[in-house]
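Biologist: Could you take me through one part of this model up close? I would like to hear about the aromatic rings and what sits around them.

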Amino acid sequence: MSFSAAESPEVRALARRSEAHATNFWQNKGVDLSVIIPTCNRPKSLLRVVRPLLPQISQSRHACELIIVDDGGAREAERVLHDSLDKDAISLLKTLRLSENRGPSAARNAGINVATGKILAFLDDDCVPAENYIDETLRIHNEYPHVLLLNGDLVARSKNIYSRFWFYYYNAAFNGGEGEVYPVTRVASGHCSIKRELLDSFSPLFDDKLRSREDYDLWLRLKKVGIQPFKAETIKAGIECRSNLRSFLEQRAWYAEGEDAIRQKHDIEHVLADQSEHFTPPSWRFLHLHLAIRIYLLLKRNVGEQSTS
């Protein structure tokens, strides 16, 4: 699919507004960057993400805000943050709590609703940003005004079979381009950023009804109107992949539920064509994990059918 050929007049107008905005990006008053972190009952993990951001925000010459969205958790995150951070650090946080657990899509959208930044960045609570995350995100967006959605670069924080499995597919989808910024055919919702202008065409940005695979849904919607996502490898964050078989299988089942919802939402032939176009063949190194996933999903489906019969 050629994105330049597929662009609608609305998308071209959106790009023009973004480029015009970049002309006086640093001169405009207000918040330059909003960092939105959805979280639910993972306070220690959240703290690892927040800590490297706080000195960056306080030392940056740009106005930034950090928004923590508690997705209906047990308030443990708020307590841990207040017990672990000093008053100056706490003053940099904007916290929002949903009354019930609604999933990362709804949590990110809630953060968007209160964010005031020209650039909106999203970090999951298991993605630890690099020491130059704030300024590098702003630099790339300013120097590349045509980029409306920008993926950062994820690196593994631990080395095990589960992280190797995860990165086998991540690298195939996101790595291998040329230049400081290059086009990709996916969205990593746990480590990406957008220009606010994108919300003119995509609001809400994420589908609240999807509890997983919302990033793939966003890619399909972007592709449909001809908006190209990009990636910058200089914007880095370390991700904590699963560390044991049980949590790994539970995550794959969560992805599978999202995949089923995607195929119900979108034309299935369109979804299959896209997945065929960007297919990554399985590796024999992970044969045992693929078999474990298959068995786990079958057992989970059988248990579900029995419970409803």
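**Rings, a buried arginine and their surroundings**

Modeller: Happy to! Let's begin with Trp166, which has a relative accessible area of 18% and so counts as buried, the cut-off being under 20%. Please keep in mind that this is a predicted model.

The ring of Trp166 pairs with that of Phe167. The two centres are 5.0 Å apart and the planes stand at 70 degrees to each other, an edge-to-face arrangement. Phe167 is buried as well, with a relative accessible area of 10%.

Now follow the chain to Tyr170 and Phe174, whose rings are stacked. Here the distance from centre to centre is 4.8 Å, with 25 degrees between the planes. Both residues belong to helix H8 (residues 161–174), and because they are 4 residues apart in it, about one helical turn separates them. Each of these rings is buried: Tyr170 has a relative accessible area of 5%, and Phe174 has 7%.

There is also a cluster held together by ring pairs. Its members are Tyr162, Phe165, Tyr168, Tyr169, Phe248 and Phe286. Across the whole structure, a search finds 12 aromatic pairs.

A ring can have a charged neighbour too, and Phe206 is a nice example to bring up on your screen. Arg108 lies over the face of Phe206, at 5.1 Å from the ring centre. Along the chain the two residues are 98 residues apart, yet their C-alpha atoms are separated by 7.6 Å. Arg108 is part of helix H6 (residues 104–114). With a relative accessible area of 1%, Arg108 is buried.

What does Arg108 touch, leaving aside residues up to four places away in sequence? The contacts are Ile36, Pro38, Phe122, Asp124, Ser189, Gly190, Phe206 and Glu214. Two of these lead us to other places worth a look. Ile36 and Pro38, both touched by Arg108, fall within strand S1 (33–39). Glu214, another contact of Arg108, falls within helix H9 (214–225).

Let's take the S1 side to begin with. Between strand S1 and helix H3 (43–59) runs a loop that holds Asn41. Asn41 has a positive phi of about 60 degrees, although it is not a glycine. Its relative accessible area is 49%, so Asn41 is partly exposed.

Beyond that loop, H3 meets helix H4 (residues 76–84): their axes come within 9 Å and cross at roughly 50 degrees. That angle makes H3 oblique to H4, and the crossing is right-handed. On the H3 side the contact involves Pro43, Leu46, Leu47, Val50 and Arg51. Facing them in H4 are Glu76, Ala77, Val80, Leu81 and Ser84.

On the H9 side, look at the loop between strand S8 (191–195) and H9, where Pro204 is found. The peptide bond from Ser203 to Pro204 is cis, with omega near 5 degrees. Arg213 is in the loop between S8 and H9 too. Like Asn41, Arg213 is not a glycine, and it has a positive phi of about 65 degrees. With 26% relative accessibility, Arg213 counts as partly exposed.

If you want one place to return to, I would suggest Arg108: buried at 1% relative accessible area, it lies over the face of Phe206 and also touches Asp124 and Glu214, among others.

How values were computed. Residues numbered from 1 in each chain as written. Predicted model: local features only at pLDDT ≥ 70, side-chain atom pairs only at ≥ 80, totals over all residues. Heavy atoms only, no water. Helix = DSSP H or I, 4+ residues; strand = E, 2+ residues; numbered from the N terminus. Buried < 20%, exposed > 50% of the residue type's maximum accessible area, 1.4 Å probe, protein only. Phe/Tyr/Trp six-rings, centres within 6.5 Å; stacked < 30°, edge-to-face > 60°. Lys NZ or Arg CZ within 6 Å of the ring centre and 35° of its normal. Axes fitted to C-alpha atoms, helices over the stretch in contact; angles between N-to-C directions. Parallel < 35°, antiparallel > 145°, perpendicular 65-115°, else oblique. Left-handed = near helix turned anticlockwise from the far one by under 90°. Contact = heavy atoms within 4.5 Å.
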